[in-house]
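These are my notebook entries on a sheet, a surface patch and a set of salt bridges. I began with the packing of a helix.

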Amino acid sequence: MSDTTPEKHVFQAEIQQLLDLVVHSLYTDKEIFLRELISNASDAMEKLRHVEATEKNVHQPELPLEIHITTDEEAKTLTIADHGIGMGHDELVKNLGTIAHSGTKAFLKSIHEGTAAPANMIGQFGVGFYSAFMVSDKVCVHSRSWHADSAELMWTSDGKSSYEIEESPGLDRGTKIVMHLKEDCTQYATESRIKHLIETYSNFVGFPILLNGKRVNEVEALWLKNKSAINDEQYKAFYQFACKAFDEPCYRLHFSADAPLAIHALVFAPTENPERMGFSKVDCGVALYSSKVLIDASPEDLLPDWMRFMKGVVDSADLPLNISRETMQDSALMRKLGSVISKRVIRMFEKESEADPAKYRTFYRKFERFFKEGVATDFANREALAKLLRFESSLTEAGTVCGFTDYVSRMKDGQDAIYYLVGPGREQINSSPYLEAFKTRGLEVIYFTDAIDEYVVESLGTFDGKKLVSVRHGGVELEDQATTGETLTEDLTSALCAFLKAELGDRVLSVASGKRLVENPVIALVPANALSPHMRQMMKAMDENFKDEVKVELEINPRHPLIRKLAAAKDDNPDLARLVACQLLDNALIAAGLLEDARDTVSRMNTLMEKALGTA
Ligand code: ADP
Ligand code: MG
């Protein structure tokens, strides 16, 4: 800017909308604005510390990294100043006038849908700065960036539709925000009120906070302290402030190790899933420090991606301070660190699930997707993660769950595989003809009901050395079961099988008599490499030309009256026997969710009914 006339800018439309909501709709929890501004000041100083590690010409390197808060009851102002990285002209425009991230849109959406507790969550969406307008008529942001030749600027707005930027000579590096409080918010110009708020929300800021010149917070790296010296309240406060969380921590893991690496870690599992309905994928929430200095608030390559919902701090004195993103990616040190932490986290979940299964169940309902994603993608931790999965089975009550470990402990003598069936829900699976043979033999079958389960089990393949086998698949060897009642002779059975194969031709891979069935006359078994009904549906949804005719192995039940009668009818009444043969296959395909086109089925059914009623 060459002259001293203020430069006027209009807020981006979404920001205007956001401001309107902030000012007019969010009346509760107004006080959170302070936490947001302190958090921004702290972020700016963390960033400066990082810049200092890599750049030489930082303006005024001698300035202390502190947050200064000043109250002025007479002028009805509250001022928050930091010596962080500051902002230049373009940064002021970008950071305080436009949507820098997708956060604003998500925030507006959630308010409209009434899904969020808005004021309290404003920071979660990366729009925390605007909360200043909940309590101010006018906000002035004085800022000077860390670059040696940076301008000294002031950004001013009444939070309506526009803001101005002008020169503001005499600034030190960093940002000073002066809030002109609204008439009904003058309480925030009193020292005692602000002191209380800092103590409530911001005790764990990693920089000294001075209120009217007096130090208020304790700066401590909680993760370096001894567990026995920390109470639940302190952990919670740390979680909420340092990890920028808005819920209660559900589980926590706090440990230190010396070998093979010097590690101090304090990580939390949240209560609420940050990616629940409508929220996008979150960035890793575990920050990386080296001896109390932040290296990366969201290191991409430290922990496996599925652990991104975890929050906390990992501090390793073995890490060099100026480690760059590139070297982080392929550093053996990082891999080692990540591996130690992820193993400890998984073990923590395992222990917690044993200690309080009901609590774990509630947690699991919200977070199962992450664990499943882990099983499918995190090869190193696959088996350990599989232990964390929960599901219903043919032996559990509806609504009660168990894990693979429980399943294995209940396996029958001689059983060498883990059986499962994927379906939309317990009821549907329960009535599946596939289950019959396993139920009568007392073999437990796992019920997988989540759309991604299929993919997850396939990636897992085995658990504890036992193969995971779908009960839909052919080729499962089951022990003989004593049969009662009449049954076809072996000769008649093989003659019937031959007749059926000749009639059904290409539509079936084979026809054989089997031991699986009790109640049903036939069952359609699927080759182990065929897609499941669910996968087929997905493929079809993605590609309208998708064609995949599944050829099934038809198993017949020689004890079933219908089959016994059919054996006779194929000689006495071949026309009718043919119709029945085709209909049996269609019925089996319907039960298996594999019938593609029901037109023939319906007309054949009508013919059969006419015959039964004697009209044809
Ligand atoms: P978030 O902190 O989640 O990015 P905010 O709305 O709180 O969202 O802040 C928007 C942006 O404004 C920040 O990302 C940062 O770039 C900039 N900013 C805010 N306060 C400061 C500050 N005190 N010093 C430097 N930059 C700041
Ligand atoms: Mg912020």
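Entry 1, sheet and helix. I looked up helix α19 (residues 574–591) and found that α19 lies across β20, β21 and β22. Helix α19 runs at about 60° to β21. The model is a predicted one, and I read every value below as computed from it.

I then traced the strands themselves. The 3 strands form an open sheet in the order β20-β22-β21, with mixed pairing. At the edges I noted β20 (508–513) and β21 (522–525), each of which pairs on one side only. From one strand to the next, the twist averages 20°. For β21 and β22 (residues 552–556), I recorded antiparallel pairing over 4 bridges. Across this pair, leucine 525 stands opposite glutamate 553 of β22.

Entry 2, surface patch. Which residues form a nonpolar patch on the surface? I found Met538, Met539 and Met542, which together have about 300 Å² of accessible area. Methionine 539 lies in helix α17 (residues 533–542). I noted its relative accessibility as 30%, which counts as partly exposed.

Entry 3, salt bridges. The count came to 28 salt bridges, and I followed three pairs.

I took lysine 76 and glutamate 183 to start with; their closest N and O atoms are 3.4 Å apart. Lysine 76 lies in the loop between β2 (67–72) and β3 (77–82), and glutamate 183 in the loop between β7 (174–181) and α6 (191–201), so the salt bridge ties together parts 107 residues apart in sequence. Lysine 76 is partly exposed at 30% relative accessible area, whereas glutamate 183 is exposed at 59%.

I went on to glutamate 275 and arginine 308, whose side chains meet in a salt bridge at 2.6 Å, N to O. Glutamate 275 lies in the loop between β11 (263–270) and β12 (285–290), and arginine 308 in the loop between β13 (293–296) and β14 (311–315); the pair therefore ties together parts 33 residues apart in sequence. Are these two residues buried or exposed? I found both glutamate 275 and arginine 308 buried.

I next looked up aspartate 450 and lysine 372, which form a salt bridge with the closest N and O atoms 3.1 Å apart. Because aspartate 450 lies in the loop between β17 (445–448) and α15 (453–460) and lysine 372 in helix α10 (residues 357–377), the pair ties together parts 78 residues apart in sequence. Aspartate 450 counts as buried at 15% relative accessibility, and lysine 372 counts as buried at 4%.

I closed with the network: salt bridges that share partners join Glu275, Lys281, Asp305, Arg308 and Glu373.

Technical notes: Residues numbered from 1 in each chain as written. Chains lettered and ligands numbered in written order. Predicted model: local features only at pLDDT ≥ 70, side-chain atom pairs only at ≥ 80, totals over all residues. Heavy atoms only, no water. Pairing = 2+ DSSP bridges. Helix = DSSP H or I, 4+ residues; strand = E, 2+ residues; numbered from the N terminus. Axes fitted to C-alpha atoms, helices over the stretch in contact; angles between N-to-C directions. Contact = heavy atoms within 4.5 Å. Patch = residues over 30% accessible without salt bridge, like charges linked within 9 Å, V, L, I, M, F, W, Y side chains within 5 Å. Areas by Shrake-Rupley, 256 points an atom, 1.4 Å probe, with all protein chains shown as cover. Salt bridge = Lys/Arg side-chain N within 4 Å of Asp/Glu carboxyl O. Buried < 20%, exposed > 50% of the residue type's maximum accessible area, 1.4 Å probe, protein only.
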